[in-house]
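The following exercises concern strand pairing, sheet packing and surface exposure. Each task is followed by a worked solution.

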Amino acid sequence: MMKSTRQNVILSIIEKENIETQNQLMSALAKRGIKSTQATLSRDIRELHLVKTMTPDGIYRYTAPAEDEKPEYDERLRKIFRESVTHHADAQNIIVIKTLPGLAAAAAGTIDSMHIDSLVGTLAGDDTALLIMKDSESAKAFCSEINDML
C-alpha cells in the first residue's frame, strides 16, 4: 500500500474514532485490511504531525493539526536548522553536518520532516549528524539545498 493512501486512512480513522494509542491505531488499520509495523506507524504519526488532545470526556486521542498550523511548524523547524548548522560536507552518499553543541538532533529532525525521497536516513549525536542519501548525486544536490537554506 502506498504511504499517502495509508496516511489518508489514518486521518480518516482519527477523525471518526477516539484512538488513544498506536496499538489501537494499528488495530483500526488492520480492520481495514492495512498491515503496518509500529515503526511505520510512528513515522506516519510524526509526518502527519498528529498530536494527542484531551476530549471533553477526559480521554486523550490522536488529532491532526489544523491546516494553518503545519506551515508554522515546518518554518520553525527550518529556522532551527538554519540557526544550528555550522558546517556541512558530502563524502560520496553521506553528508556530515556539524552543529552547535547539543543541536544535531534538531537539525536531523528538521531534515527528516522534509520528506526527501533520496534520503535513506539520519543519525545524530551531540554536534554531528550523518545523512545517508541513496547515491552521491543526491548528496551533492542536497548539499546545494543546504547552502541555499543557510
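**Exercise 1. The hairpin**

How many bridges join S1 to S2, and do the two strands run parallel or antiparallel?

*Solution.* The model under study is predicted. Step 1: S1 and S2 are joined by 4 bridges, and their directions are antiparallel. Step 2: one position in this pairing is Thr53, which stands opposite Arg61 in S2. Step 3: the two strands form a hairpin with 5 residues between them. Within the turn, Gly58 has a positive phi of about 85 degrees.

**Exercise 2. A loop residue**

Determine where Thr55 lies, and whether Thr55 is buried or exposed.

*Solution.* Step 1: Thr55 belongs to the loop that links strand S1 (51–54) and strand S2 (60–63). Step 2: its relative accessible area is 12%. Buried means under 20%, so Thr55, at 12%, is classed as buried. Step 3: leaving aside residues up to four places away in sequence, Thr55 touches Asn18 and Arg61. Arg61 is also the residue of S2 that stands opposite Thr53.

**Exercise 3. The sheet and its helices**

State the strand order of the open sheet, identify its edge strands, and describe which helices pack on it.

*Solution.* Step 1: the open sheet consists of 4 strands in the order S3-S4-S6-S5, with antiparallel pairing. Step 2: strand S3 (85–91) and strand S5 (119–124) are the edges, since each pairs on one side only. Step 3: from one strand to the next, the twist averages 15 degrees. Step 4: strand S4 (residues 94–99) is connected to S6 by 5 bridges, and these two strands run antiparallel. Here Ile94 has Ile132 of S6 as its bridge partner. Step 5: helix H5 (residues 104–113) packs on the sheet and touches S3, S4, S5 and S6. The direction of H5 makes about 165 degrees with that of S5. Step 6: helix H6 (residues 136–149) also packs on the sheet, with S3, S4 and S6 as the strands it touches. The direction of H6 makes about 160 degrees with that of S3.

**Exercise 4. A nonpolar surface patch**

Which residues make the nonpolar surface patch of about 230 Å², and why can Leu130 qualify on accessibility?

*Solution.* Step 1: the patch is made by Ile94, Leu123 and Leu130. Step 2: Leu130 is located in strand S6 (residues 128–133). Step 3: a patch residue must have over 30% relative accessible area. Leu130 is partly exposed at 31%, and therefore passes this cut-off.

Terms used
Residues numbered from 1 in each chain as written. Predicted model: local features only at pLDDT ≥ 70, side-chain atom pairs only at ≥ 80, totals over all residues. Heavy atoms only, no water. Patch = residues over 30% accessible without salt bridge, like charges linked within 9 Å, V, L, I, M, F, W, Y side chains within 5 Å. Areas by Shrake-Rupley, 256 points an atom, 1.4 Å probe, with all protein chains shown as cover. Salt bridge = Lys/Arg side-chain N within 4 Å of Asp/Glu carboxyl O. Buried < 20%, exposed > 50% of the residue type's maximum accessible area, 1.4 Å probe, protein only. Contact = heavy atoms within 4.5 Å. Pairing = 2+ DSSP bridges. Axes fitted to C-alpha atoms, helices over the stretch in contact; angles between N-to-C directions.
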